[in-house]
Amino acid sequence: MNHFSYRNGRLHAEDVGLSDVAASVGTPFYCYSAATLERHYRVFAGALPEGSLVAFSVKANGNLAVLRTLGNLGAGADVVSGGELKKALAAGIPGGKIVFSGVGKTTAEMTAALAAGIYQFNLESEAELLALDAAARSLGQRAPIAFRINPDVDARTHAKISTGHAETKFGIPWSRVREAYGLAATLKNVEIVGVDVHIGSQITSLEPFEEAFQRLADFVGVLRRDGHAIARIDLGGGLGVPYHIDNTPPPDPAVYGAMAAKLTKGLNARLILEPGRFIAANAGVLVARVIYVKKGERKQFLILDAGMNDLVRPALYDAHHDIVPVEEAGPHALRARYDVVGPICETSDIFAADRDMARLKDGDLVAILTAGAYGAVMSSAYNARPPAPEILVKGAQWAVVRPRMDDDALLATDRIPNWLAV
Ligand SMILES: *Cc1c(COP(=O)(O)O)cnc(C)c1O
């Protein structure tokens, strides 16, 4: 459920007309709905046992205004870099609600996280463990740790976002987990607090989760018998969202939460979850203008002013996004088949192929839906195109939460060395 809907024939984000925003800030732009973010957070958190930590995955949407909106509801953060750590802290999320994930944390990043009083490091290798122990020693601290265990399950999602099988770079292989915990227990500057798993993203059936959570829960017993104090179970993120409006819905968060609670019941541990996409994806759209409708030899193209530099998911993951006109098409509107593309000089710069849509003309506005997660965060300035700005709506209010970078600002990021000076 989201708060984007037609009113009087125009697509709105809550009470704000997207064509009004377009008239004011130009196109393309991302638009997020605060009510949708809040609703998704509440539904997700409400499905979990009392006292669980919902650590929003900052890599899905790291805008400070989005993080502040979620932080105000009590969300923590899951960060995967020193930059994301800074963002979460700047948004007002305290270190005590932040977990640090990722395969390659540097000593500098670990030191910054320790200084911030981080809640937990999710370690992915013995090498990281030794580096963290050394970083904590130089600060005179003990770092709270869990190991991310690679449960070797098939998440049944796109290969590029599948992280929980033995062939990926993620986590500690099953066969070495007890040894890794054993090594950690010998180190003075780390404190074992939990276990962690994250098997992938956009997972739309519960079975892979169930399989991974069950294995992890069983393993808590093994680790406790080995003498380790496992007080927290981090189940990662990955719950999928519907990208096709009229497709079969992905798992209900209530059922997912109840399953997580059931499998960990009796273990007397605090649950941590790291949702990203589930909270943010349907809370955002990318609004673009049709520059030209172009007739090719065999196809018609809608050439938008947004490109793969703004939203790379279709090019990178073959992802589907529904695309709708901002001016509502009536029931009798003529239809056409389009390849919806951007202006970038790459064949992969395509948002939809052979899409049956209401007929559009030059200058019309469209909204690419479900773009609030892994959208703006993955944007680039490829083709010297400043990435799209970001707008946050709350009721009838809206604000630019990341302005459009102008061409001169983009130019100013480069330097010409002395030997080329004229
Ligand atoms: C990406 C990521 C998440 C969030 O995944 P979603 O599919 O967006 O919920 C959570 N935890 C870790 C470790 C991640 O890398």
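These numbered points walk through helix packing, a pocket and two backbone details in a predicted model.

1. **How to read helix pairs.** Two packed helices are described by two values: the angle between their axes and the distance between the axes. Keep both in mind for the next three points.

2. **H5 against H6.** Start with helix H5, residues 107-115. The axes of H5 and H6 cross at roughly 50° and come within 9 Å. Angles under 35 degrees count as roughly parallel, and 65 to 115 as roughly perpendicular. H5 and H6 are therefore oblique to each other. The crossing of H5 past H6 is right-handed. On the H5 side, the contact uses Thr107, Met110, Thr111, Leu114 and Ala115. On the H6 side, look for Glu128, Ala131, Leu132, Ala135, Ala136 and Leu139. By class, this contact has eight nonpolar residues, two polar and one charged.

3. **H6 against H7.** Helix H6 spans residues 126-139, and helix H7 spans residues 177-185. Their axes lie 10 Å apart, at an angle of about 10°. That makes H6 roughly parallel to H7. Here too the crossing is right-handed. Which residues of H6 meet H7? They are Glu126, Leu129 and Leu130, and their partners in H7 are Ala180, Leu183 and Ala184. Five residues of this contact are nonpolar, one is charged and none is polar.

4. **H8 against H9.** Helix H8 covers residues 206-225 and helix H9 covers residues 253-264. What is the angle between H8 and H9? The two pack at about 20°, with axes 9 Å apart. H8 and H9 are therefore roughly parallel to each other. H8 passes H9 in a right-handed crossing. H8 contributes Leu206, Phe209, Glu210, Phe213, Gln214 and Ala217 to the contact. H9 contributes Val255, Tyr256, Met259, Ala260 and Leu263. Nine residues of the H8 and H9 contact are nonpolar, one is polar and one is charged.

5. **The largest pocket.** Its volume is about 610 Å³. How many residues line the largest pocket? There are 30. To find the centre, look for Lys59, Val80, Thr163, Phe170 and His198, which lie nearest to it. The lining is mixed by class: nine nonpolar, 11 polar and 10 charged residues.

6. **Background for the backbone.** Most peptide bonds are trans, and most residues other than glycine have a negative phi. The last two points give one exception of each kind.

7. **A cis bond at Pro28.** Thr27 and Pro28 are joined by a cis peptide bond. Its omega is about -5°. Where is Pro28? Pro28 sits in the loop between helix H1 (18-25) and strand S4 (29-33).

8. **A positive phi at Asn268.** Asn268 is a residue other than glycine, yet its phi is positive, near 55°. Asn268 also belongs to a loop, the one between H9 and strand S13 (270-273). H9 is the helix that packs with H8, so you can trace the chain from that pair to Asn268.

Key: Residues numbered from 1 in each chain as written. Predicted model: local features only at pLDDT ≥ 70, side-chain atom pairs only at ≥ 80, totals over all residues. Heavy atoms only, no water. Axes fitted to C-alpha atoms, helices over the stretch in contact; angles between N-to-C directions. Helix = DSSP H or I, 4+ residues; strand = E, 2+ residues; numbered from the N terminus. Parallel < 35°, antiparallel > 145°, perpendicular 65-115°, else oblique. Left-handed = near helix turned anticlockwise from the far one by under 90°. Contact = heavy atoms within 4.5 Å. Nonpolar A, V, L, I, M, F, W, Y, C, P; charged D, E, K, R; others polar. 1 Å grid on protein atoms, 1.4 Å probe; cavity = no way out; pocket = protein on both sides within 12 Å on 5 of 7 lines; lining within 4 Å. Points joined across faces, edges and corners; volume = space filled by probe spheres on them.
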